[in-house]
Amino acid sequence: MLSPELGHYALALACILAAAQGILPLIGAQRRDRRVMMLAPGLAVGQLLALLASFLCLVNAAVTDDFSVQNIAANSAVSKPLLYKITGVWGNHEGSILLWALILGICGAAVAAFGRNLPSALRARVIAVLGAVAAGFELFCLTTSDPFARVWPAPMDGQGMNPLLQDPGLAFHPPILYTGYVGFAVPFAFAIAALMEGRVDAAWGRWVRPWAVAAWCFLTCGIALGSWWSYYVLGWGGYWFWDPVENASLIPWLTGTALIHSAIVVEKRESLKIWTVLLAIATFSFSLSGTFLVRSGILNSVHAFANDPARGIFILGLLAVVIGGSLALFAYRAPTLTAGGLFAPVSREGALVLNNILLCSLCAVVVTGTMYPPFMSLLFDRTISVGKPFFDATTIPLAIPLFIFMGFGPMLPWKRAQLWPVLQRLWIAALLAGVAFAVFTFGMSGIPPILCSALAVWVICSSVLDIADRVRLFRMPLSGSLQRARMLPRSIFGTAIAHAGVGITILGLAAMSQAQHKIVEVPVGTTEHLAGYDWTLTDVKQEPGPNYTALVATLEVRHNGKIVTIMHPSKRSFNSQNQTTTEVSIHTNLLADLYGVLGDKHGTDAAPTYVLRLHYNPLAPWMWLGALIMAIGGALSLSDRRMRVGAPRRAKSSSDTVTTA
Amino acid sequence: MSTPPENTTRRRLLMAVPLAGAAVVGVGFWKMLSGMQHGSFNPHNINAPVLNRPVPDFSVPDQAPGQGFTAQDLRALTQPVLVNFFASWCIPCLAEMPTLMGLKDDLPMWGIAYKDRPENAAGFLKHSGNPFTRLGNDHDGRVGIDWGISGVPETFLIGPGGIIRWHSAAPLDVDTIRSTLAPLLESLKKS
């Protein structure tokens, strides 16, 4: 029943509904016709249902091995495990666009369902903007990347999936990352709707912020998951390669982080309004450009999807309409918005402005580094590559002041603050950071990592102090402090936790710069010394797997004569794809990873030698743990009553959504 | 609340800046895409020096046990030479060495140790054999950037006059030498 044709039909239906959703509510809002405006939620839900049906048809085709569908034949195979048949649906270009559209549909329906307390014209316009964007991408999917196209004659078996992608981490990376990317469509739609109405006020800031925070949490998790995957799958011990695809996710993360901070200023002080609207537009524009330019083949990347310049032209046209259109509206309407008042540099809002300036400078640097090579090549026919040295040299000087002010910011009161009382409250954090600096100077090499680690300690300590100070810890009986903690808004805890998460990630990143590694070519029985551990290669043998044969090494790691762990790094040769993958073996105690990789076999069969790559990665898990903590902080602040309760004049919730989304 | 007219104009211009910026970038992308369709622009070549062009300006200091060289040295050549980027920390480089050793009598080879400590590179050549007649060290990787390499090993065939004739971003093997490099050398020698 769930045939590919039905899926194709449902996708076309979704596209029509999305187009209606993009047009009718706008007309209704313009004419103040309630009946037409009330069509919006129904259309949004209808579009979502059609997309769900379409997506289920594709999943069904993948699970039932329908190789007459070209997409399935090219990416699946009978022998593929069921989990990867399902997750493989979004592991290719066509399927991932469908997933993209589905998530956008979910966003539209979520606004329809949970935005009941929004003014009806604003809600109609927000849903309409989401519908218009969705219509564009569904049209793209239908015309240039049809996931349901059939092949004839149908092959007996599919070509299978790249074995590197058969990994649970990667299976769930795209949906989470896309939810982050697409989630920023909601703040974008709010921004466009506000520009159409010509009105941005504190209530707008309050409505838009939960959506931005939710998208930000997903994007944070998505980026961390991708980085973790490259760390344990690619086997190079690296976690971030400044590859265009990685940068494409980092850029909206930076502007999105700026957005969730500047929206606070809109909400509390009715200021920075135009800037916040621009950030909302920019964040979604970067999300769109990033995901789609990667597919056009312009950006040279290792993550490449199959490229097709014809597809690229369509994408570029679509981007021109969405981004160009919204920026044109911005240029037309933003000058008419009333500008907010000026405020004192030393104040909470002043600190938030500084946060925005630094985050956006960081973003500008990453954009420059990513776009420089293709533009140099286009304009001057010169070839250059921009890599880690460039990004290290440019991002660290911008990140350092950011970390310093992160400690102060949450403690500064609104409107007008004085630095001295805040400094008095933070002296413990400053002291601890100083001590950390002294300790790290002995243990680490290189000024930037030492400085960053000390600042990470500063950020974590000042976050803890902020909470301790608010609950008057040790300055009143403990029960009183607990009572105060219970009364404290959750968003305060959310901020402190998210900031501490940033500190933990920085500690991980800085410590990773001290990682040690060694590459050796040794016969079985040799012991190598690295980072105070003795690594002994005791055995290497062949083991058959379901669709590969593996060369499995046994590596005993001892510390002071005592066995720490026995690792089994292996190398798999896949018969069908003529490809080999390395299975890294990682032993972690949360303070450091021992990371072993088995390389090629050399020497004669009588006296074989094996290439081994051994890494000692201090604090490596902290990088991703910190990101998780940031997302938890974001989620916690979403659950804050103040976020759920709308502006004073509207009594009930505007966005419980996001807590469950 | 009324603002002076010139102030309003400035405000309007300022708000149009994002649109103008996006438009410029958009036109750039459009040029690239149309270039890709005509074959005049290939993003995957961005990191590779253009073939049949002179080698970039560079100089690499001595790397034991050989003598360093510069772009001028390559441009002064009358015979083809192979320039190979390698590193002691690179597993494929280790695997490639026997192939290079087998080729060294037919074709002179110059090596550049990429992002490697001189003592490590020297030790590496001691163990795996040294096919290189001249050797330079690119400790900070700057020369690698000039040449646009994406990793190690990478090999360039430099024709007479210092022109880049061929480029491989993968370890050399006997098949590649037989099918691609040898015919190219023949044609270079004839011309």
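Helices and strands here are DSSP runs, numbered from the N terminus, with at least four residues for a helix and at least two for a strand. With that in hand, chain B reads α-β-β-α-β-α-β-α-β-α-β-β-α along its sequence. Keep in mind that this is a predicted model. Below is a quick tour of chain B, then the cores, then a few spots in chain A.

**Chain B at a glance**

- Chain B holds six helices and seven strands.
- Its length is 191 residues, and 34% of them count as buried.
- Take the contacts in chain B with a separation of 6 or more: 75% of them come from residues 24 or more positions apart.
- Chain B is split into domain 1, covering 5–41, and domain 2, covering 59–190.
- Measuring between centres over C-alpha atoms, domain 1 and domain 2 of chain B are 43 Å apart.
- UniProt, in an unreviewed entry, lists residues 12–33 of chain B as "transmembrane region".
- In the model, residues 12–33 of chain B are 100% helix and 0% strand, and the end C-alpha atoms of that span lie 32 Å apart.

**Three paired strands in chain B**

- Start with strand β3 of chain B, residues 81–86, where six of six residues are buried.
- Val81(B), Val83(B) and Phe85(B) point one way from β3(B), while Leu82(B), Asn84(B) and Phe86(B) point the other way, and all are buried.
- One partner of β3(B) is strand β6 of chain B, residues 154–159; five bridges join the two, and they run antiparallel.
- Another partner is strand β4 of chain B, residues 109–114, which pairs with β3(B) in the parallel sense, also over five bridges.
- Asn84(B) is a handy landmark to look for: it stands opposite Thr155(B) in β6(B), and it stands opposite Gly111(B) in β4(B).
- Right beside it in the strand, Val83(B) has Trp110(B) as its bridge partner in β4(B).
- β4(B) is mostly covered too, with six of its six residues buried.
- On one side of β4(B) sit Met109(B), Gly111(B) and Ala113(B), and on the other Trp110(B), Ile112(B) and Tyr114(B); all of them are buried, so both faces are covered.**The nonpolar cores**

- The largest nonpolar core has 190 residues, and those with the most contacts inside it are Leu104(A), Leu130(A), Ala185(A), Phe190(A) and Val277(A).
- Helix α10 of chain A, residues 202–233, gives this core its largest share, 17 residues.
- Another core lies apart from that one; it has 34 residues, including Val83(B), Cys90(B), Ile112(B) and Leu181(B).
- As background, nonpolar side chains tend to be buried together in soluble globular proteins.
- Leaving out neighbours within four places in sequence, Leu130(A) is in contact with Leu104(A), Cys107(A), Gly108(A), Val111(A), Ala185(A) and Ala189(A).

**Chain A: domains and a helix**

- The domain assignment of chain A gives domain 1 at 1–166 and domain 2 at 516–621.
- The centres of those two domains of chain A, taken over C-alpha atoms, are separated by 44 Å.
- Helix α7 of chain A, residues 120–144, has 25 residues and should span 36 Å at 1.5 Å a residue; this agrees with its end C-alpha atoms, which are 36 Å apart.
- Most of α7(A) is covered, with 19 of its 25 residues buried.

**Chain A: two residues to find**

- Lys571(A) is in strand β6 of chain A, residues 570–574.
- Lys571(A) counts as buried because 23 other C-beta atoms lie within 10 Å, and the cut-off for buried is 20 or more.
- Not counting residues up to four places away in sequence, Lys571(A) touches Ala550(A), Leu551(A), Thr580(A), Thr582(A) and Leu598(A).
- Val266(A) is 305 residues from Lys571(A) along the chain, and their C-alpha atoms are separated by 54 Å.
- Gly325(A) has its place in helix α13 of chain A, residues 309–333.
- With 13 other C-beta atoms within 10 Å, Gly325(A) is partly exposed.
- Gly325(A) and Phe292(A) are 33 residues apart in sequence, and C-alpha to C-alpha they are 17 Å apart in space.

Methods. Residues numbered from 1 in each chain as written. Chains lettered and ligands numbered in written order. Predicted model: local features only at pLDDT ≥ 70, side-chain atom pairs only at ≥ 80, totals over all residues. Buried ≥ 20, exposed ≤ 12 C-beta atoms within 10 Å, placed from the backbone. Contact = placed C-beta atoms within 7 Å. Core = buried A, V, L, I, M, F, W, Y, C linked by C-beta atoms within 7 Å. Domains from an automatic or database assignment. Expected span 1.5 Å × (residues − 1). UniProt positions renumbered as here; feature names shortened; annotations may be inferred. Pairing = 2+ DSSP bridges.
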